Each structure stands twice: as structure tokens, then as C-alpha cells.
Amino acid sequence: MPPRIPGVQRLNTFSLCLRPAVKPQTPALLPITQTASLSQKEKRRLAKQDPYRWAQMQQRKNAHLERRREIEEAREQQKGDPVRGVTTPFIESFDSAGQAPLSKPVIDEDGNAVQEAHPLPTSPHILNNLIHKSEFDVAIDNAYILTKPMESEYTLSNPEAWEQRLEKHEAQHARAVEALQRIVDLEKGSSKDRRHANIRRCVETFGRHETDLTLPPKPLSRGQKDEERPVRGGPDTGSSEVQIAILTAKIRALANELEKGRGYKDKVGKRDLRLMVHKRQRLMTYMERKERGSARWQHMVEKLGLTKATYKGQITL
């Protein structure tokens, strides 16, 4: 039989399109061919092939890191420590209760002086046992007069014996004065005695019975009349700046104790430190809202070295 040739069964099996084909539009500008940039790894590989280029890259990198470190240190120093703030001469004088005229030089591990001693504000009129220097001098003069031997007929007839009694009185008085000076010396006192002395110094420095005479008053607001200030009956011990200064002295003393020996295990001391820091934060927030950058605020902040870190935001210890 002849071979069978397959043919088209029906014409509807073809799908013919008699419409002319649409030619795509030719773009006016050809697309820009972009080349992929080299990766950092490839750049380092190529740079290592040239030692001079590699040294330049490392030098620029180290310069950038050093500059960033300096900026971070400057920011941290400007912000300050939330507990200690910025150390000022008045703050350093708390350690000796205003008795040391010079600060202690800072020495590194090798014994080299990192920071030399500088003068500190002193309060020589404040003595131990809540005694003032003027009171001590008056008591010494009265004791000398009361213990001085009196002249009599016997002393007039025996001038040598009178001279001996006077010399003995002078020697006894000198020994008594020396013993009393050791008793009232704050350098030989306890930490409690220094705390009481620092409280007296804070009252004298920041009390409004003193600052009202030296600092300019707060500017008056619109519509407010200038009124005479009431006469204070005694030292100002309750104003915000005095309480903040007293808390700062206590915080510094407690922080120094916690840094010694095994103070890091003192949980009660850490709790007391946290309470005092937060109490000072509340007082500073209140005073900033009331004073609004007045002379009292500037005087307190500059004297105590308090920064925004001591009263702004959340303080975590």
C-alpha cells in the first residue's frame, strides 16, 4: 500500500492574524551602561598591593578614630557624672572641711604627677565641736585673765617669787592653749565632724541671708511690682540651694567611702547614695523651674560643678 501522508483535517485548526505587526518605537537615547562599584573587600585587596596607598588609608582611619574618641570624651566631660558632676575647687575642699589650702596632687601608677596641687577655698574660722574662731579666741583671752595670779603683799615683798609664778602661769597657759587647739582642729576630727563643718560652710556660702547682699535679684516678670525683701531672723538653712549643697557634700563623702576597699559590697550605702542623688535631682528640677537661670542658679551650678547629667532625665547608678 502506498504511504499515508498526514494532512490538514480542518481549516479552523489554524489561527491566522492578518493585521500588520506593530514596530516598537526606537528610544531617542540609548540606555546608560552602569558598572558595579568595587566592594570594600576588593578595595582593600587592591590597596594592599601598593604599600604607600595602604599606609595612607590606615593613617586616615586612625586619625578619624582618634578624632571621634576626642569628641566623645569632650561630650562626656561636658555632660558630667550624674553623681559627682564636675570637680571644682569648692567641691575638693569638702574633703578637708575647708582646712587644707592646697589640693592633693594626682599621681599615676608609676608615681608621676598627673595634676599638680592647686589652691582651694578655705574656712579657717570654722573649728571642731561647732566652735567659731572668734569664740575660741575670746574664751582663751578670758581664761588667761581669770587664771592669772593676783598681786598681794607677799608678792610685793618677794619679787623673785612673783616672777616665778608669772612664768609658771605663762607655761601652763601655753600648754592649755596647745591642747585646746588639738581638740578643735578639724584635721584631727572624724568624718562626722567634717560633715557638720561642711554643712556650716554650705549655709554661709549659699544661704540667702548672704547671697541677697552680693548677688543681683531675680528679674521681675511683666506686671510684677518690686517689693521689699523681708528681713531674715537668722541664717538661711532651708532654701533649695542650701539643701542641694548639703546633699552634694554628703554624696561626695559617701561616694568616696564606697570606692575604698570592699565598698562595692555595701548595699545599704549604695541605697543611701541613690536616695540622696534622686532627692538632689528633684530639688534642682524645682529650683530650675522657679529661678529660670537667675544669679542664684548660676552661682550654685558653677560653685558645685553641677551639670545637666545630675538633674536631667533618668539617673541610673
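Biologist: Which residues is tryptophan 297 in contact with, leaving aside its neighbours within four places in sequence?

Modeller: Good place to start, and keep in mind that this is a predicted model. Leaving aside the neighbours within four places in sequence, tryptophan 297 is in contact with Met284, Met287, Glu288, Glu291 and Tyr311.

Biologist: How do I read a nonpolar core, and which residues have the most contacts inside the largest one?

Modeller: The general idea is that in soluble globular proteins, nonpolar side chains tend to be buried together. Here the largest nonpolar core has 19 residues. Trp297 is among those with the most contacts inside this core, along with Phe206, Ile244, Met284, Met300 and Leu304. Two or more residues come from each of H3, H7, H9, H10 and H11. The largest share, 5 residues, belongs to H9. Apart from this core lies another, of 10 residues, including Val83, Leu247, Leu254 and Leu273.

Biologist: Now the charged residues. How many salt bridges are there?

Modeller: The general idea first: side chains of opposite charge can pair when their charged atoms come close. In this model the count comes to 14 salt bridges. Let me begin with glutamate 291, one of the residues in contact with tryptophan 297. The side chain of glutamate 291 meets that of arginine 296 in a salt bridge, at 3.6 Å from N to O.

Biologist: Are glutamate 291 and arginine 296 buried or exposed?

Modeller: Both glutamate 291 and arginine 296 are buried. They also belong to a network of salt bridges that links them with Arg208, Asp212 and Glu241.

Biologist: Which salt bridge links distant parts of the chain?

Modeller: Look at arginine 84 and glutamate 259, whose closest N and O atoms are 3.1 Å apart. Arginine 84 sits in the loop between helix H2 (51-79) and H3, while glutamate 259 sits in the loop between H9 and H10, and the two are 175 residues apart.

Biologist: Why does glutamate 259 count as exposed?

Modeller: Glutamate 259 counts as exposed because its relative accessibility is 59%, and the cut-off for exposed is over 50%. Lysine 188 counts as exposed too, with a value of 57%. Its partner in a salt bridge is aspartate 185, with the closest N and O atoms 3.2 Å apart.

Biologist: Let's turn to empty space. How many cavities of 30 Å³ or more does a search of the whole structure find?

Modeller: As a general idea, rolling a probe the size of a water molecule over the atoms shows where empty space is left. For this structure, the search finds 1 cavity of 30 Å³ or more. About 40 Å³ of space lies in the largest cavity. Its lining consists of Val83, Arg84, Ile91, Thr248, Ile251 and Arg252. You have already met Arg84 in the salt bridge with glutamate 259. By type, the lining of the largest cavity has 3 nonpolar, 1 polar and 2 charged residues, and its largest share, 3 residues, comes from H9.

Biologist: And what lines the largest pocket?

Modeller: The largest pocket holds about 930 Å³ of space. Its lining has 33 residues, and those nearest its centre are Phe94, Asp95, Ser96, Arg252 and Asn256. Arg252 also lines the largest cavity. Helix H3 (89-92), helix H7 (191-206) and helix H9 (240-258) each supply at least two lining residues, with H9 giving the most, 7 residues. Sorted by type, the lining has 11 nonpolar, 10 polar and 12 charged residues.

Biologist: Which residues are closest to the centre of the second largest pocket?

Modeller: They are Pro217, Lys218, Gln224, Arg229 and Arg296, out of 26 lining residues. Arg296 is the buried partner of glutamate 291 from earlier. The volume of the second largest pocket is about 650 Å³. Helix H8 (208-214), helix H10 (267-291) and helix H11 (295-304) each give at least two residues to the lining, and the largest share, 4 residues, comes from H10. This lining divides into 9 nonpolar, 5 polar and 12 charged residues.

Biologist: One last item, the backbone. Where is asparagine 129 found?

Modeller: Asparagine 129 is in the loop between strand E3 (126-127) and strand E4 (131-132). Although asparagine 129 is not a glycine, its phi is positive, about 60°. Leucine 130, in the loop between E3 and E4, also has a positive phi, near 60°. Asparagine 129 is partly exposed, at 46% relative accessible area, whereas leucine 130 counts as exposed at 60%.

Terms used:
Residues are numbered from 1 along each chain as its sequence is written. This is a predicted model: local features need pLDDT of at least 70, side-chain atom pairs count only at pLDDT 80 or more; totals for chains, interfaces and linings use all residues. Side-chain values use heavy atoms; hydrogens and water are left out. On a 1 Å grid over the protein atoms alone, a cavity is a set of points where a 1.4 Å probe fits but cannot get out, and a pocket is an open set with protein on both sides within 12 Å along at least five of seven lines; lining residues have an atom within 4 Å of a point. Grid points are joined across faces, edges and corners, and a volume is the space filled by probe spheres set on the points. Ala, Val, Leu, Ile, Met, Phe, Trp, Tyr, Cys and Pro count as nonpolar, Asp, Glu, Lys and Arg as charged, and the others, Gly among them, as polar. A nonpolar core is a set of buried Ala, Val, Leu, Ile, Met, Phe, Trp, Tyr and Cys residues joined through side-chain atoms within 4.5 Å. Buried means under 20% relative accessible area, exposed over 50%, partly exposed in between (1.4 Å probe, protein chains only). Contact means heavy atoms within 4.5 Å. A salt bridge is a side-chain nitrogen of Lys or Arg within 4 Å of a carboxyl oxygen of Asp or Glu.
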